[in-house]
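Trainee: Could you take a close look with me at one part of this structure? I would like to follow the charged side chains and then see how they sit in the rest of the fold.

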Amino acid sequence: MVIDTRVNLGGLEMSTPLATASGTFGYGTEYAGAVDYSCLGAITAKGVRLDPWPGNAMPRHVEVPGGLVNAIGLQGPGIDAFLAHHVDEYERLFPGGPKMIVNIWGGTVEEYAEVASRLEAAGRKSIAAIECNVSCPNVKAGGHTFGHDTAVLGRLVAGVRAATRLPLIVKLAPNVGSIAPFAQTCADNGADAISLINTIPAMAIDIEKRVPVLANKTGGLSGRGIHPAAVKLVYDAHRAVKLPVLAMGGVYEARDAVEFMLAGASAVALGSAIFSDPGVVRKVYDGMLEYCSRHGFSAVSDLTGALAD
Ligand SMILES: Cc1cc2nc3c(=O)[nH]c(=O)nc-3n(C[C@H](O)[C@H](O)[C@H](O)COP(=O)(O)O)c2cc1C
């Protein structure tokens with residue numbers, strides 16, 4: 001049985017339902033030769049902001065049971081170097097390769113909008129969509145994150161929407177009481193899709209030294225342990241709004257990706273799993289196709305929301 005692997009994520013046409021999660025795949029070139037890029041419909045670049053940003057002090061990640069706690073702090077070279085070096089290198093290594101979703105962040109709505117408009121103006125052939133990371137401190141609102149207040153989120157989404165015609169994916173914060181009003185705010189302000197979940201606030205303590213393991217003291221949990229929580233949030237978001245969902249959080253096996261699709265995702269991103277096994281991309285892709293054949297789905301997109309309830 002030939003399975004149609006194409007999916008549409010809010011205007012982003014993907015040749016397969018698989019992407020990579022921001023911050024876990026560098027700028028798309030670092031895994032050349034290790035990952036089978038033909039299984040990917042998109043790669044997501046590490047967070048990009050206007051100016052270079054140093055990130056947090058070391059140590060900034062630690063393995064814990066069920067995953068990884070990181071506080072990288074969005075280190076990056078700024079948009080000019082991103083375009084001049086990383087996008088060039090990606091297009092040189094992968095002409096016609098997976099489309100690039102650029103994850104963006106900033107301290108103000110204006111900064112996000114500026115990055116979005118410069119990405120579009122650059123007119124680069126690989127840059128196909130923008131993913132807005134709203135789990136960042138809003139410097140004009142005492143450091144509260146954009147993603148935890150629907151009014152603030154609405155202004156951010158509207159501001160970025162006005163700055164670009166590229167498909168706009170909003171990456172929601174998972175640690176909110178109910179995801180539905182945040183998803184609805186994205187829909188109301190012109191987003192084309194939402195992605196979830198970002199990491200869950202977490203902490204690890206060195207009990208012998210009685211100090212936090214990370215220099216930043218706290219960080220975000222990713223990996224296997226967050227998967228069931230992510231499935232619930234994807235399910236809730238899919239039921240709340242018509243926007244397509246890019247799901248991520250603890251995908252290590254094909255069954256994790258299928259679970260996300262059945263819960264309502266239109267596409268699925270792999271993150272922390274790639275650190276330990278770059279072969280996971282091929283394994284998950286093959287397993288999804290095998291599942292579709294076994295269950296009589298001729299198109300992967302038919303899995304979206306196909307719960308039997
Ligand atoms: C080391 C690391 C860096 C990350 N950097 C970003 C980032 O720059 N922007 C962002 O929106 N999410 C970032 N994330 C979150 C991931 O994109 C993803 O949402 C999360 O890790 C859950 O997926 P996973 O369990 O498959 O890793 C990062 C995650 C990790 C582990």
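Which residues are linked with Arg282 in a network of salt bridges?

Mentor: Happy to. Please keep in mind that this is a predicted model. Arg282 is linked with Asp36 and Asp286 in a network of salt bridges. In general, side chains of opposite charge can pair when their charged atoms come close. The structure holds 17 salt bridges, so let me walk you through a few of them, beginning with one inside a helix.

Arg294 pairs with Glu290, and their closest N and O atoms are 2.7 Å apart. Both belong to helix H8, and because they are four residues apart there, about one helical turn separates them. Arg294 is exposed, at 55% relative accessible area, while Glu290 is partly exposed, at 40%.

Other bridges reach between parts of the chain. The side chains of Arg49 and Glu111 meet at 3.9 Å, N to O. Arg49 sits in the loop between strand S4 (42-48) and strand S5 (61-64), and Glu111 sits in helix H2, so this bridge ties together parts that are 62 residues apart in sequence. Arg49 has a relative accessible area of 11%, which means that Arg49 is buried; Glu111, at 23%, counts as partly exposed.

Helix H2 also takes part in a salt bridge between Glu120 and Arg165, with an N to O distance of 2.4 Å. Here Glu120 is the residue in helix H2, and Arg165 lies in the loop between H3 and S9, 45 residues away. Arg165 is exposed, with a relative accessible area of 73%.

That loop brings us to helix H3. Its 14 residues, 150-163, should span 20 Å at 1.5 Å a residue, and the end C-alpha atoms are indeed 20 Å apart, so the two values agree. The buried residues of H3 are Val152, Leu153, Gly154, Leu156, Val157, Val160 and Arg161. Their cover includes helix H2 (109-122) and helix H4 (180-188), along with strands S7 (99-104), S8 (127-133) and S9 (168-171).

For a contrast with those buried residues, turn to the surface. Met203, Ile205 and Ile207 form a nonpolar patch there, and together they have about 330 Å² of accessible area. Ile207 is placed in the loop between strand S12 (205-206) and strand S13 (211-212), and its relative accessibility of 65% is why Ile207 counts as exposed.

One more stop is Gly305, in the segment after helix H8 (280-295). Gly305 counts as partly exposed, at 33% relative accessibility. Beyond its neighbours within four places in sequence, Gly305 is in contact with His238, Met261, Leu262 and Gly264. Gly305 and Arg239 are 66 residues apart in sequence, yet their C-alpha atoms are 8.9 Å apart in space.

Now step back to the whole chain. Its secondary structure comes to eight helices and 16 strands. The radius of gyration is 18 Å, close to the 19 Å from the globule rule for 309 residues, so the chain is as compact as a globular protein of that length. Along the principal axes, the C-alpha atoms fill a box of roughly 55 × 50 × 40 Å. Of the 309 residues, 53% count as buried. Among contacts with a separation of 6 or more, 69% come from residues 24 or more positions apart. The chain exposes about 12,900 Å², with carbon and sulfur atoms supplying 54% of that area.

Note on methods: Residues are numbered from 1 along each chain as its sequence is written. This is a predicted model: local features need pLDDT of at least 70, side-chain atom pairs count only at pLDDT 80 or more; totals for chains, interfaces and linings use all residues. Side-chain values use heavy atoms; hydrogens and water are left out. Patches are made of residues with over 30% relative accessible area and no salt bridge: like charges are joined within 9 Å, nonpolar side chains (Val, Leu, Ile, Met, Phe, Trp, Tyr) within 5 Å. Accessible areas come from the Shrake-Rupley method with a 1.4 Å probe; for residues, only the protein chains shown count as cover. A salt bridge is a side-chain nitrogen of Lys or Arg within 4 Å of a carboxyl oxygen of Asp or Glu. Helices (H or I, at least four residues) and strands (E, at least two) are DSSP runs, numbered from the N terminus. Buried means under 20% relative accessible area, exposed over 50%, partly exposed in between (1.4 Å probe, protein chains only). Contact means heavy atoms within 4.5 Å. The radius of gyration is taken over C-alpha atoms; the globule rule is 2.2 Å times the number of residues to the power 0.38. The expected span of a helix is 1.5 Å times one less than its number of residues.
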